[in-house]
Amino acid sequence: SGGVNNGTGSDFATVRYNTDGTLDMTFSVDGIVQTAIGAGTDIAYETLIQADGKIVAVGFSVNGVDADVALVRYNSDGTLDTSFDLDGKVSYDSGTGDDGAYGATLQGDGKIVVVGSQDGGAEPDFMVLRYDTDGTLDATFGLNGLVITDFGAYAAAQDVTIDNSGKIVVVGS
């Protein structure tokens, strides 16, 4: 996943290849899916494949004022999964500045853990969000699905994994 220029910004771009490196024509019509989320720039930084074959792309979307965390879930054929927030797309806007997602992982129960940064004032902080399988924030995690860690200086979470005991381990700068 990544971004592709749409003339006024960029959209999420996801491409699936066959094992020989050719485009997989069973994914979308031509192996390429381009998805607009907001009116501005949309870029995906992480792609996850769920156990059921569905594909989750994670990144950010500029809403005209600031950036928001953005997730898109596709069916295995490249169509938007409408069981994920009714249209296949989910955004999170803290309302305090730019938000962005740079990494994600799947828990054993299918929940999606997303990490990035939230610019809540003087400098960005680590941000961790956990989503239920339907695209809603998991209210049992942190404060309504969100955990912020303030290091007192510029910080951005960039990757995440789940350890053998089920604990969430986040790294960044």
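Is F151 buried or exposed? In this predicted model, F151 counts as exposed, because its relative accessibility is 52% and the threshold for that class is over 50%. The question leads to the aromatic pairs, of which the structure has 3.

Consider the pair formed by Y45 and F60. Their ring centres are 6.0 Å apart, and the planes meet at 25°, so this pair is stacked; the limit for that class is an angle under 30 degrees. Y45 belongs to strand β4 (residues 42-49) and F60 to strand β5 (residues 55-62), so the contact ties together parts of the chain separated by 15 residues in sequence. The two partners fall into separate burial classes: Y45, at 43% relative accessibility, is partly exposed, whereas F60, at 14%, is buried. Ring pairs also bring in Y102, which joins Y45 and F60 in a cluster.

A further pair consists of F126 and F151. Here the ring centres lie 4.8 Å apart with the planes at 65°, so the geometry is edge-to-face, the class reserved for angles over 60 degrees. This pair links distant parts of the chain, 25 residues apart: F126 sits in strand β10 (residues 124-131), while F151 is found in the loop between β11 (146-149) and β12 (157-162). F126 has a relative accessible area of 10% and is therefore buried, since that class requires a value under 20%. The edge-to-face contact thus has a buried ring residue, F126, on the strand side, and an exposed one, F151, on the loop side.

Key. Residues numbered from 1 in each chain as written. Predicted model: local features only at pLDDT ≥ 70, side-chain atom pairs only at ≥ 80, totals over all residues. Heavy atoms only, no water. Phe/Tyr/Trp six-rings, centres within 6.5 Å; stacked < 30°, edge-to-face > 60°. Helix = DSSP H or I, 4+ residues; strand = E, 2+ residues; numbered from the N terminus. Buried < 20%, exposed > 50% of the residue type's maximum accessible area, 1.4 Å probe, protein only.
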